[in-house]
Amino acid sequence: MTVTAPTTDRTTADADAACPPAAERAGLDQSRTFGRTDAPGRLDAFGPLVGVSGADLEVPLVDGRSVRYANLDYAASAPALDAVLADQQRILPYYASVHRGAGYASAVSTALYEQSRRTVADFVGARDDDLTIFTRNTTDALNLLAGAVPAGSPVVCLDIEHHANLLPWQGLGATIVKASRSLTTTLDDLDRTLQRTGAGLLAITGASNVTGEVLPLARLADLAHRHGARLAVDGAQLVPHRRVDLAATGIDYLVFSGHKLYAPFGSGALIGRADWLESAPPYLAGGGAVRKVTVEHTDWADGVARHEGGTPNVLGAAAVAAACRAIAEIGDDHLRRHEWRLRTRLLSRLAGLREVRLLSIWDDCTDAVGVVGFTVDSYDAGLVAAYLSAEHGIGVRDGAFCAHPLAARLGLTGGALRVSFGVGSGSEDIDRLLSALQSLVEDGPQWRYELVDSRYQPVGDPRPKPAWLDSLDAAADPCRG
C-alpha cells in the first residue's frame, strides 16, 4: 500500500505543587489542563539542562541532507546522561565478580554495587527498613512484586495502565477500575472498590505513559492505607521527571527503569516494604539467592539477595545510581521549570494546529510530565512518525504505547503519536517538531510512503545506514506498542 498526502528538592508527586510560581508563568494559565494554554507571545529560546549522549548526532534525510537528530522519544528510552557515561568509563577497569571474589577489583565492584543500592534508596526517600532490589527494568520489578503479594490479598488497578502494570495483576485476578473523565470521580471509584473488595494492594501508575498526566500519590497512599491496603507505584514515567519520596508520601512500593532515567544499561529497581518480599519465593532460583544447598534441600537467603539470583548487573546498578546523583544535583525545581517551559511551548502551538487532537484521560487533572499524546486527522500515526523521521530528522513514538485498553478508550483505532522530552531537550527540538507538523497539515508529505511489515517506510528509502550496521531493515513490531 502506497500513501501520499493526505488520506522543593524532595517534593512529593502530588498535583498541588505542579506549576512554577505565578510570576514565572509569564501570563500563561496552566491551572486546569496542565499546559493547554492560549497562544502566548514570543517565547525565548533555551537549551538543555545537561548533556546527554547523541546530543550532536547527525541523521540523514530522504532529500540527501543531514540534520541534528531531534530526539523526542524519551518516554520509550532516554539517552544516557554524560555524567553516567563518564562514571561508567571510570569504573569499568574495576569491573569484576561481586560478593565472593577475593581480588581487589572484586572488592571494589562489591562495594560499588552496595553503594549504588544505598544511593538509589536515598534518591527515592526509602525508609530505613525498606528493601532496594535491582531488577532488569520496570516490567521485571512488577512481576517480582506480583509474586510477593500474599495469597488471598485482592489487587486493584486502573484501566489506564501500561501493560507492565496490568498483565501481572490480571494474572492474580485483579479488579480493574475504569477511570472516568474526572480524576476526582476516579479516586472516589477507587475508594469504593478498595472497600468493597477488601484489597491488599492498589497498583497504579505515577504518570501516564500516553498523556503524561500525574496522579496524586500521597492521596492515593492515604486512600489505600485507610482500607488496609498497600500502594505500589509504577514510576517508570514519573521518576525521571519528579523527585518521589516514599517516606513522605506513604508509598509502599516503587518500581522504575534505568533506561528511562538516563541510564540505559539494563537495570531497574524495586524499592519497598520488606515483609512481603522476605516471605515470597525467590524470584530467580540460582547462585547468590541461597545460604546453603544440599541435594535434598535449599536454604534461601533473606533480604535483597533472595531475589537477586545470578550474577548481578553491577554496571547497570552503578549507572542508575550515577543518574540519581546527577538528577538530584540538578534539583527538582529546575527539572519542573524546564519541563513546564517545554510543555507549554509545545501545547500552546499544538492547540492552534488544525487537525491536531490532544489526548487526555481526565478533564480535571492539574499536573503532567514531559509526555504529550495526540493525533493528526486524516493521517495514520505511523505515517506521521515516518514523515517526521524521514523528512525532518525527528524521533517520536507512534502506536498504542503498550497501553491497549487506554488506547481503545481514547478511540485510537489508528494509533496515536507521543512526544516526550527531558533534561537533554531544548526549545529548538520543540520548534522543529511544530514546524514539521505545520508543514504536514498545510502541504502534506513531500515523499511517498508505503506499508512494509505493518510499518510505514519511505518508498525507495535513500538514507544510508551506519557503516557498522548490516541493514536498516527490522522485524515487524507485533503490537506497535
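**Exercise 1.** Find which residue caps the N-terminal end of helix 5 in this predicted model, and check the length of the helix.

*Solution.* Start with the cap: Ser182 places a side-chain oxygen 3.3 Å from the backbone nitrogen of Thr184. Next, take the 15 residues of helix 5 (residues 183-197) at 1.5 Å a residue; the expected span is 21 Å. The end C-alpha atoms are 21 Å apart, which agrees. After the helix comes Gly198, with a positive phi near 65°.

**Exercise 2.** Determine how the buried residues of helix 5 are arranged around its axis.

*Solution.* Buried means under 20% relative accessible area. The buried residues of helix 5 include Leu183, Leu187, Leu190 and Leu194. Viewed down the axis, the buried residues fall within an arc of 160°, so they line one face of the helix. That face packs against strand 6, strand 7, strand 8 and helix 6. On the other side, Arg192, Gln195 and Arg196 are exposed.

**Exercise 3.** Identify the edge strands of the open sheet with the order 14-15-18-17, then place helix 10 and helix 11.

*Solution.* The four strands pair antiparallel. Strand 14 (356-358) and strand 17 (397-399) each have a single partner strand, so one side of each lacks a neighbour in the sheet. Three bridges join strand 17 to strand 18, where Leu417 is the bridge partner of Asp398. Helix 11 (residues 381-392) packs on the sheet and touches strand 15, strand 17 and strand 18. Helix 10 lies across strand 14, strand 15 and strand 18, at about 20° to strand 15. Of the 19 residues of helix 10, 14 are buried, so the helix is largely enclosed by the rest of the structure.

Technical notes. Residues are numbered from 1 along each chain as its sequence is written. This is a predicted model: local features need pLDDT of at least 70, side-chain atom pairs count only at pLDDT 80 or more; totals for chains, interfaces and linings use all residues. Side-chain values use heavy atoms; hydrogens and water are left out. Buried means under 20% relative accessible area, exposed over 50%, partly exposed in between (1.4 Å probe, protein chains only). Helices (H or I, at least four residues) and strands (E, at least two) are DSSP runs, numbered from the N terminus. Two strands pair if DSSP finds at least two bridges between them. Contact means heavy atoms within 4.5 Å. Axes are lines fitted to C-alpha atoms, for helices over the stretch in contact, and angles run from 0 to 180 degrees between N-to-C directions. The expected span of a helix is 1.5 Å times one less than its number of residues. The arc is that of the directions from the helix axis to the C-beta atoms. A polar contact is a pair of N or O atoms within 3.5 Å; within protein, one must be able to donate a hydrogen and the other to accept it, and residues adjacent in sequence count only if both atoms are side-chain atoms.
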